[in-house]
Amino acid sequence: MIGGKPVELQPSTRLARMLALGIPALLLGGAYLSQYGFGLYPCEMCWWQRYPHFAAVAFGLLAFAAAPKRLWIALAAVAILVSGAIGAYHAGVEYGWWEGHTACTGVVAAGGDILNTLQDIPLVSCGQAQWTLLGISLAGWNFIVSTIAGLAILGLLLGRGGQSRGMI
C-alpha cells in the first residue's frame, strides 16, 4: 500500500509474475510426469536442472505475497535462465559436443529390501538422451523454453519504464 491505497501492478509486471510462477511449475510438472508417468528416470544433470526451477517457483510465490514484487519476479527469471544454461550444457553432453558428468544415477524407492532395490534400479547416463522430439532432447527443450521464458520475463519487467504512473 502506498498512501493507504493498494499498489497496482502494471499489466506487463502482472504477466511477468504469472510467467515467473507458471513456467517453472509447468516444466517441473512435465519432468515429474515424464519420470513417474512414462518411466524416464532423471540423470544427475536432469536433477541439476530442476533445482533452479524449484527456486523460481518459490520466488514466483513470493512475488504474489511480499514486496518488492519486481525483485522476486526478477530472481525467478534469473533462476529460470540458470536452469536453461544447465540444460544447454546437458544437451551438449548428450549430443557429444563436449565431455560431461560421467556418473550414472538411479532412483531408489524408500522401504523394502535395499539390496534388491539397488540391483533393480535403472542406471541413467547423463550422456544419452532418453527421449527426443524433433531431434531435441528434454535437456535441449528445457534450454529453449527456459531461456525464452527467462528473457521474456526480464523483458516484461524492463519494458515501458518499469514503475511509471505510481505502479510497481
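The following paragraphs lead from one helix to the nonpolar interior and then to a patch on the surface of this predicted model.

Helix α5 offers a starting point. It covers residues 138-158, and its 21 residues should span 30 Å at 1.5 Å a residue; the end C-alpha atoms are 30 Å apart, which agrees with that expectation. The buried residues of α5 are Ala139, Gly140, Asn142, Ser146, Ala149, Gly150, Ile153 and Leu157. An α-helix has 3.6 residues a turn, so residues three or four places apart point the same way. The partners against which the buried residues of α5 pack are α1 (11-38), α2 (44-65), α3 and β4 (136-137).

Ile153 leads onward to the interior. In soluble globular proteins, nonpolar side chains tend to be buried together. Here the largest nonpolar core contains 14 residues, and those with the most contacts inside it are Ala16, Ala20, Ala56, Ile73, Ile80 and Ile153. At least two residues of this core come from each of α1, α2, α3 and α5, while α3 provides the largest share, six residues. Leaving aside residues up to four places away in sequence, Ala16 touches Ile73, Ile153, Leu156 and Leu157. Another core, of five residues, lies apart from the one just described; among its members are Met45, Val93, Val124 and Cys126.

Nonpolar residues also occur at the surface. Tyr89, Tyr95, Trp97 and Trp98 make a nonpolar surface patch of about 450 Å². Within this group, Trp98 is found in the loop between α3 (69-94) and β1 (104-105). Trp98 counts as partly exposed because its relative accessibility is 39%, a value that falls between the 20% limit for buried and the 50% limit for exposed residues.

Conventions: Residues are numbered from 1 along each chain as its sequence is written. This is a predicted model: local features need pLDDT of at least 70, side-chain atom pairs count only at pLDDT 80 or more; totals for chains, interfaces and linings use all residues. Side-chain values use heavy atoms; hydrogens and water are left out. Patches are made of residues with over 30% relative accessible area and no salt bridge: like charges are joined within 9 Å, nonpolar side chains (Val, Leu, Ile, Met, Phe, Trp, Tyr) within 5 Å. Accessible areas come from the Shrake-Rupley method with a 1.4 Å probe; for residues, only the protein chains shown count as cover. A salt bridge is a side-chain nitrogen of Lys or Arg within 4 Å of a carboxyl oxygen of Asp or Glu. Helices (H or I, at least four residues) and strands (E, at least two) are DSSP runs, numbered from the N terminus. Buried means under 20% relative accessible area, exposed over 50%, partly exposed in between (1.4 Å probe, protein chains only). The expected span of a helix is 1.5 Å times one less than its number of residues. Contact means heavy atoms within 4.5 Å. A nonpolar core is a set of buried Ala, Val, Leu, Ile, Met, Phe, Trp, Tyr and Cys residues joined through side-chain atoms within 4.5 Å.
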